[in-house]
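Got your viewer open? Load the structure below, and let's take a walk through it together, one selection at a time.

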Amino acid sequence: MEYTLRVGGEAGQGLQTIGGALAQVFSKIGFHVFTHQDYMSRVRGGHNFYQIRFSEKEISASRDMVDILLALDLDTIEIHRKSVRDDGFILYDSEITKKKFEEPEFIDIPFKKIALDVGKKSVMANTVATGAALGILDLGLETFRNVLRKAFEKKGDEVIQGNIACAEAGYNYARKNCPRCEAPEIREPENRRLMLIDGVNAIGMGALMSGCKFYSGYPMTPSTGILNYMASRAEEYNLVVEQVEDEISAINMAIGASFAGVRAMTGTSGGGFALMVEGLSLAGMTETPIVIAEMQRPGPATGLPTRTEQADLLFVLYAAHGEFPRVIFEPGDPKQAFYLTNRAFELAEKYQIPVFIQSDQYLGDTEWTYEKFGLENIIYNDYRLREKDLEGVEVYKRFKYSSTGISLLAVPGEAGKHLVVADSDEHDEEGHIIEDSETRIKMVQKRMLKKLPLIKKEIEPPLLYGDSSPKIVLVGRGSTYGVIKEVVDTISKDHKVAMMHFSQVYPLPERDKFDYIELLENADLTICIENTATGQFAKLMRAETGFEFSHQILRYDGRPFTIENLKEELHAYI
Amino acid sequence: MPTSEDYKGQVPAWCPGCGNFNILSTVEEALVELGIEPREVLMVSGIGQSGKLPHYTKCHTFNGLHGRTLPVATAAKLANHSLHVIAVAGDGDCYGEGGNHFLHAIRRNPNITLLVHDNQIYGLTKGQASPTTAQGTHTKIQPYGVLEEPLNPLALAISQDCSFVARGFAGDPGYLKELMKAAISHKGFSLLDILQPCVTFNKINTFRWYRDRVYKLEEEYDPYNRLKAFERSLEWGDKIPNGIFYKNERETLEEGIPTIQEKPLVRQKFSIEDVKHEIDKFY
């Protein structure tokens, strides 16, 4: 059993409220849920949609075809009518669309009139619509009532009761006026509950649970969600969150806070990261740990501000002048985003380097369901040294040479008599400016050449999913994880096929734990799937390992791959 | 109590006769006289001859990028507001490359001190015009003379209600020290613009040129009068006033953040136990 429901309308009509509520209802009932959003770069008007797919089994991607279309305006009907399955439904309010449809899939529900009659407020039309969708599905209203109680907790009993009454009226209206809904095939899963989380919140929560205490950022879609999350948790967990004048300030602030002794992070999208590049180099030179979330959207320049792409990989990889180590993680789903953000902090602090969580609008905004994340694997090692830790140290040198390249990281002002000196110029062990070649060579070796092999050893191999000795390998990184996984599931009956997914993309993993290159070499068909026009990961693989994929499937229209669309693309090769 | 010896750092690599020497000794004396230990001070600087100053003294130091002094200094203060944070910048550094940060640091009002070595020229890059160079000045890059109006840092800061605005002269270290002590002691963002002749590249604004012009604001001058302060900040030419132009008692950035009132962020212990119930919000 699985259903797909799409809510469409203009920005400002409350799509997120309806979609978000439905997603919560389904996950609390115990269904697996996958949602994705498609919205335009405008505050009001235009056409947006919020899509929810739910199922009894695990799901990880979006579909093109829908079972229920909830249309809040006429545009939605015109744009999405062809995506509705033959046995599907279109819910609409002919008073809003000013047009009546007689075809059997249409169910005309007076959202607005019911809201005014029952709730006395037209704004409750959204609750009527949500109730109606649940009515079509015959899922009962108990969970939705609880969601409404929680959502309107602060607005008081009257608002809660009004909304519940509207939900019931919408539900009952839909049940009465849906002759084809006589025998609903949906059965509620057994008593279980799942957590529902999207990519940006997962990154934010990962940072919070890694001891991040300082977050600076400039609002930029699609990274703003992380800034919102951190700000909303600041008071409860004693964080300092600063909205800054520009991204140059954002990264310099993160570096300043980290130098002063707290775990710090910043986040942005490609255009903002372009401004951060100078600061990235500063983190590299001063060996200041920072975590940077780079949430991609299509460029160049302002590009498609609210849409998705993976085309900043090589930019982030090569950004900044000079040579210093960095790590780039590209989580495939919110769960990976959560744990990889934690790992990003661990590596940043341990090696005193910048670490990236690189994701994109698609993963940032999609919600997934899971069994509750376990926290036993969360790593927290405090590498910062304070007075007691430095008791045996007579002369503290911030950049002291060592066999690992790692020097002691003391907290200024908390390190007793010791002083902490850092410099963006080349410097000696104490942190003071130098220009001699001997010290320069030693510092480059310390910062770069000694640390890099150790960092490389920490990188986990790619995930292999499907056949263990496949003839066809679909290779992806980051947010294409879910869709490739489902496509592998659907074609594995007829083919020896597997997905190879990289979530730790730089440095590329060594081949000792899993010789992924050998596996690729033994396959007949290796297809690299990316949301870029030029196949950036394929280039990286070729540059780093010499391996060349036999084919590439590239999508660069600003939209994510869907199951149908990826399968269709694969037809050319399989 | 700290002594001058405690603050003795590396040997400066400035030109002989540079105004920076006086700024260096003045800042050290001011800190000693205020009874502040080197371990309680964080100096953050940018790039230029001014940027090297923290290396020539002894304290916690972050010598960052050109123009980016204030974001680093502000965040360091937020992370550990028990430190005395002194931002050291040059005129090109602070008013040119870092102009945006300057505006927003004034708005934020962190309790830090900004010392600007204002020599009206780019010294380290060998003599180009800076934002404070006089109109008409000829350089290699400005063969027709500087076309732009010079930036007036004091008037700009006062117009934005900066918490503390003062100007000193490197040729009068005694008075400069007074101003510096007042700036460091002031609660809020304090700007001290220091006229610091560049003996190598600025042939106009020399020590002599300033000595003939600078004077101290009158004893009865009221630094809390913003309009008057603005008026006085526009005086420039034959007579150039020095002193504390403007002061106010605005709430500082740190005071406005509830999460660091009990203790500095850097002293707050973290344990996964304290945050683990966060997961329930998504369940």
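Begin by selecting Pro507(A), which sits in the loop between strand S21 (504-506) and helix H17 (516-522) of chain A. Keep in mind as you click around that this is a predicted model. Now add Tyr506(A) to your selection: the peptide bond from Tyr506(A) to Pro507(A) is cis, with omega near -5 degrees. That's worth a pause, because most peptide bonds are trans.

Next, jump to Pro300(A). You'll find Pro300(A) in the loop between strand S11 (290-296) and helix H12 (313-318) of chain A. Is the bond from Gly299(A) to Pro300(A) cis or trans? It's cis, again with omega near -5 degrees.

One more backbone stop: pick Gln352(A), in the loop between helix H13 (334-351) and strand S13 (354-360) of chain A. Gln352(A) isn't a glycine, yet it has a positive phi of about 60 degrees. Most residues other than glycine have a negative phi.

Time for some side chains. Show Tyr92(A) and Phe106(A) as sticks and look at their rings. How are the two rings of this aromatic pair arranged? They're edge-to-face, with 5.5 Å from centre to centre and 80 degrees between the planes. Tyr92(A) belongs to strand S5 (residues 84-92) of chain A and Phe106(A) to strand S6 (residues 106-108) of chain A, so the pair ties together parts that are 14 residues apart in sequence. If you like hunting for rings, the structure holds 31 aromatic pairs over all chains.

Now for charges. Side chains of opposite charge can pair when their charged atoms come close. Over all chains, a search finds 48 salt bridges. Select Arg63(A) and Glu564(A) for one of them: their closest N and O atoms are 3.8 Å apart. This pair links distant parts of the chain, 501 residues apart. Arg63(A) is in the loop between strand S3 (45-55) and strand S4 (66-71) of chain A, while Glu564(A) is in helix H19 (residues 563-570) of chain A.

Ready to cross over to the other chain? Colour chain A and chain B separately and look where they meet. The contact takes 68 residues from chain A and 51 residues from chain B. About 5,000 Å² is buried between the two, and carbon and sulfur atoms give 64% of that area.

Zoom in on Glu242(A) and Arg108(B), whose side chains meet in a salt bridge (2.7 Å, N to O). How many salt bridges are there between chain B and chain A? The count is 7. Polar contacts cross the interface too, with 26 residue pairs found.

On the side of chain B that touches chain A, highlight strand S2 (60-63), helix H2 (69-79), helix H4 (99-108) and helix H9 (272-275) of chain B, the elements that give two or more residues. H2(B) makes the largest share, with 7 residues. Sorted by class, this side of chain B has 24 nonpolar, 16 polar and 11 charged residues.

For the last stop, show the ribbons of S2(B) and strand S17 (residues 421-423) of chain A. These strands pair in the parallel sense over 3 bridges. Click Ala422(A), and then its bridge partner in S2(B), Phe62(B).

How values were computed:
Residues are numbered from 1 along each chain as its sequence is written. Chains are lettered from A and ligands numbered from 1 in the order in which they are written. This is a predicted model: local features need pLDDT of at least 70, side-chain atom pairs count only at pLDDT 80 or more; totals for chains, interfaces and linings use all residues. Side-chain values use heavy atoms; hydrogens and water are left out. Contact means heavy atoms within 4.5 Å. Buried area is the accessible area (1.4 Å probe) that two parts lose on being put together, summed over both. A salt bridge is a side-chain nitrogen of Lys or Arg within 4 Å of a carboxyl oxygen of Asp or Glu. A polar contact is a pair of N or O atoms within 3.5 Å; within protein, one must be able to donate a hydrogen and the other to accept it, and residues adjacent in sequence count only if both atoms are side-chain atoms. Helices (H or I, at least four residues) and strands (E, at least two) are DSSP runs, numbered from the N terminus. Ala, Val, Leu, Ile, Met, Phe, Trp, Tyr, Cys and Pro count as nonpolar, Asp, Glu, Lys and Arg as charged, and the others, Gly among them, as polar. Two strands pair if DSSP finds at least two bridges between them. Rings of Phe, Tyr and Trp (its six-membered ring) pair if their centres lie within 6.5 Å; planes under 30 degrees apart count as stacked, over 60 as edge-to-face and the rest as tilted.
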